[in-house]
Amino acid sequence: MVVVCLGEALIDLVPLFGESARTTATLTVQPGGAPLNVSVGLARLDCESLFLGCLSEDSFGLRLREVLEREHVRRVPSDPVLNPTRLAVVDHTNAIAPFRFYGDTPADSRLLGAHIDDAFRSDRITGLYVGSLMMTNESGESAQRYAIQRAAELAVPIYADPNPRPSAWPSQEDMIAVTEYLLTSSSLAKLSIDDATVLGWPVDPMELIGWCEDRFGTQIFVTGGAAGCWANVDGRIAHIQPPEIVAVDPTGAGDASFSALITSVQQVGQLSEEGLRFASAAGAITTLTRGAIAAFPSLDQIESFLAEWG
């Protein structure tokens, strides 16, 4: 089993926890980008992944390549591109736009159809993960639509995390249109309560699940931070409430939880309450340490957490 994670690998510039980008004197450099995060999150849980995205030849691109090599995640294409690595300034004190993206024609926009064909040559591909940031420019959108088409032709399940960021889009209408396309194209999609808020959709998790299932025909995994997660399991909305913890940094928790849920679905073939608990534990553990990838749990860590959770 191999899950292909298509999209961007970028550098997050993060203020000290609790500070804003406007006032902080320090920005820490952290590898990021949801597709990169998920590829590593899957690998940490012994679910083989492949990162499908272009990396720059610049210093940040080399840093991202080293992350993938250290985590034993294969990448396609293997050759770097001249375009710069995309940067994201993270500001969790800004509820409206916690991420701002920088970089003209970044490296991830150079993905080609030929690269996608290379990734799909293996008959071991059992899943395709996609987000929406790649679709903010014409070339990235074309490549991602082609990948989704190839996955559909091969009956490969598609896992989507639209992760709508208003600051990345020219208009609210464009952002909503791409989100709807991804939900319609996928078999399982993740949405957070914050996502529903910026989209103008129902924010009550149970209502949101039914609303999306009626319109898009896909299974929805809803995350709500400390409030837990929700999904329709065998016709009943299951809600998993994690134990109270002292969170240090929420960055990457959603990617960690979705990685865990995808791993569970890949193993058992469907959503389950056990899978939701597994995903909730992964997200909770990630908040206990500063940084996203550095905090992603191993299988042993999640099993220990679940044993203590009871």
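## The four-stranded sheet

Two strands count as paired if DSSP finds at least two bridges between them. With that in hand, we can walk through this predicted model. By that rule, four strands make up an open sheet in the order 3-2-6-7, and the pairing is mixed. Strand 3 (27–32) and strand 7 (99–102) take the edge positions, each with a single partner strand, so one side of each is left without a neighbour in the sheet. From one strand to the next, the twist averages 25°.

Both senses of pairing can be followed here. Strand 2 (residues 10–15) and strand 6 (residues 87–90) are parallel and share three bridges. Within this pairing, Asp 12 has Ala 88 of strand 6 as its bridge partner, and Leu 13 stands opposite Val 89 in strand 6. Strand 6 is also joined to strand 7 by four bridges, and these two run antiparallel. Ala 88 turns up again in this second pairing, where it stands opposite Phe 101 in strand 7. As background, strands of a sheet pair through backbone hydrogen bonds, either parallel or antiparallel.

## The nine-stranded sheet

Another open sheet is built from nine strands in the order 5-4-1-8-9-10-11-12-13, again with mixed pairing. Its edges are strand 5 (74–76) and strand 13 (236–240), each of which pairs on one side only. The twist in this sheet averages 20° from one strand to the next.

At the strand 5 end, strand 4 (residues 49–52) and strand 5 pair in the parallel sense over three bridges. One of the contacts links Leu 52 to its bridge partner in strand 5, Val 76.

## Helix 8

How does the span of helix 8 agree with the 1.5 Å a residue expected for its 16 residues? The helix should span 22 Å, and its end C-alpha atoms are 23 Å apart, which agrees.

Burial is the other point to look at. Of the 16 residues of helix 8, 13 are buried, so the helix is largely enclosed by the rest of the structure; buried here means under 20% relative accessible area. Just after the helix comes Gly 269, with a positive phi near 90°.

## The largest cavity

Rolling a probe the size of a water molecule over the atoms shows where empty space is left. The structure holds two cavities of 30 Å³ or more, and the largest has a volume of about 60 Å³.

Its lining consists of Leu 55, Ser 56, Gly 61, Leu 62, Arg 65, Arg 75, Pro 77, Ser 78, Asp 79 and Pro 80. Helix 2 (residues 59–70) gives the largest share of this lining, three residues. By class, the lining of the largest cavity has four nonpolar, three polar and three charged residues.

## The second largest cavity

Here the enclosed space is about 30 Å³. The residues lining the second largest cavity are Gly 41, Leu 45, Ala 256, Ser 259, Ala 260, Ala 282, Phe 296, Pro 297 and Ile 302.

Helix 8 (residues 253–268) appears again here, giving the largest share of the lining of the second largest cavity, three residues. Which classes of residue make up this lining? There are seven nonpolar and two polar residues, and no charged ones.

Methods:
Residues numbered from 1 in each chain as written. Predicted model: local features only at pLDDT ≥ 70, side-chain atom pairs only at ≥ 80, totals over all residues. Heavy atoms only, no water. 1 Å grid on protein atoms, 1.4 Å probe; cavity = no way out; pocket = protein on both sides within 12 Å on 5 of 7 lines; lining within 4 Å. Points joined across faces, edges and corners; volume = space filled by probe spheres on them. Nonpolar A, V, L, I, M, F, W, Y, C, P; charged D, E, K, R; others polar. Expected span 1.5 Å × (residues − 1). Buried < 20%, exposed > 50% of the residue type's maximum accessible area, 1.4 Å probe, protein only. Axes fitted to C-alpha atoms, helices over the stretch in contact; angles between N-to-C directions.
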